[in-house]
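Here is a short report on the enclosed spaces, strand pairing and nonpolar cores of one protein. Please look over the sequence and the structure before reading on.

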Amino acid sequence: MRKFVIAAGAVAVVAFGGAAVAQTSPAAFQNGPVYYGNLGYSQLDQSDGDLGAITGRFGAKFNPNFGVEGEVSVGVKDDDFTIAGVNGSVKHEYDAAAYVVGTLPINDQFELFARGGYGTTQIKSELGGFSRKADGTSWNYGAGANFYFDAQNGIRGDWTRRDFTDSNAGEVDVYSLSYVRRF
């Protein structure tokens, strides 16, 4: 993880320092925000299992470098386990979050971004016929990149760390790969 953050930082420094940094045309923002949506798969890596979710996002960019987005995920991959011969599972029920997004356009097809926000997550555990749901709120931050095939369609890869506000809940790293559509 540390290598990913260092590499992303190095790319940003090179991009800011280079004379060839391209900006998305300001004309695109003359009629208001540019909207986008994406849909993809998110892998939640946590200490007591790996969970998967389908994640949808909707965002608005107010200029080439600043925007906001909201996201909602629904769990689709559970983590099954056995304790003393008793089967159990951990399930990601849902999460929802809102973010402020800073973007660095490298050229017309590629951009880097960083985001920070606040969210809520619900996890359900089952063991031997008993179940327990746990809700947690978190401060979230992360980074990623978008690559566009044309003016509207692209892919997005990102990493987000969820630092839960409850001191016993810890943190979760989320890795996502998504299809992106600009409107």
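## Largest cavity

The lining of the largest cavity is mixed: 5 of its residues are nonpolar, 4 are polar and 5 are charged. The model behind this is predicted. The space in this cavity comes to about 110 Å³. Its lining has 14 residues, and those closest to the centre are Y36, K61, T103, E111 and N146.

Several strands contribute to this wall. Strand 1 (34-46), strand 3 (66-77) and strand 5 (86-105) each give at least two lining residues. So do strand 6 (110-127), strand 7 (130-148) and strand 9 (171-182).

## Second largest cavity

Searching the whole structure turns up 3 cavities of 30 Å³ or more. The second largest holds about 50 Å³ of space. Its lining is made of S42, T55, R57, E71, S73, R115, D158, T160, R162, V174 and S176. Two or more of these residues come from each of strand 2 (49-63), strand 3, strand 8 (153-164) and strand 9. Strand 8 gives the most, with 3 residues.

The classes here are 1 nonpolar, 5 polar and 5 charged. V174 is on the lining list of this cavity. V174 is also a member of the largest nonpolar core.

## Strand pairing around strand 5

Strand 5 pairs with strand 3, strand 4 and strand 6. With strand 3, the pairing is antiparallel and has 9 bridges. Within it, V68 sits opposite V100 of strand 5.

Strand 4 (residues 79-83) also runs antiparallel to strand 5, with 5 bridges. D79 has V90 of strand 5 as its bridge partner. The hairpin of these two strands has 2 residues between them, and A84 there takes a positive phi near 50°.

Strand 5 and strand 6 are joined by 17 bridges, again in the antiparallel sense. One pair is G102 with A114 in strand 6. This hairpin has 4 residues between its strands.

## Nonpolar cores

Which residues make up the largest nonpolar core? It has 8 residues: L44, L51, A53, V90, I123, F164, V172 and V174. Strand 2 and strand 9 are the elements that give two or more residues to this core. Another core lies apart from it, with 5 residues, including A97, Y99, V101 and F113. In soluble globular proteins, nonpolar side chains tend to be buried together.

V90 links two parts of this picture. V90 belongs to the largest core, and V90 is the bridge partner of D79.

## R132

Is R132 buried or exposed? R132 counts as exposed because its relative accessible area is 61%, and the cut-off for exposed is over 50%. This residue lies in strand 7.

Leaving out residues up to four places away in sequence, R132 touches I123, K124 and S125. I123 is one of the residues of the largest nonpolar core. V90, another member of that core, is 42 residues from R132 along the chain. The C-alpha atoms of R132 and V90 are 9.7 Å apart.

Key: Residues are numbered from 1 along each chain as its sequence is written. This is a predicted model: local features need pLDDT of at least 70, side-chain atom pairs count only at pLDDT 80 or more; totals for chains, interfaces and linings use all residues. Side-chain values use heavy atoms; hydrogens and water are left out. On a 1 Å grid over the protein atoms alone, a cavity is a set of points where a 1.4 Å probe fits but cannot get out, and a pocket is an open set with protein on both sides within 12 Å along at least five of seven lines; lining residues have an atom within 4 Å of a point. Grid points are joined across faces, edges and corners, and a volume is the space filled by probe spheres set on the points. Ala, Val, Leu, Ile, Met, Phe, Trp, Tyr, Cys and Pro count as nonpolar, Asp, Glu, Lys and Arg as charged, and the others, Gly among them, as polar. Two strands pair if DSSP finds at least two bridges between them. A nonpolar core is a set of buried Ala, Val, Leu, Ile, Met, Phe, Trp, Tyr and Cys residues joined through side-chain atoms within 4.5 Å. Buried means under 20% relative accessible area, exposed over 50%, partly exposed in between (1.4 Å probe, protein chains only). Contact means heavy atoms within 4.5 Å.
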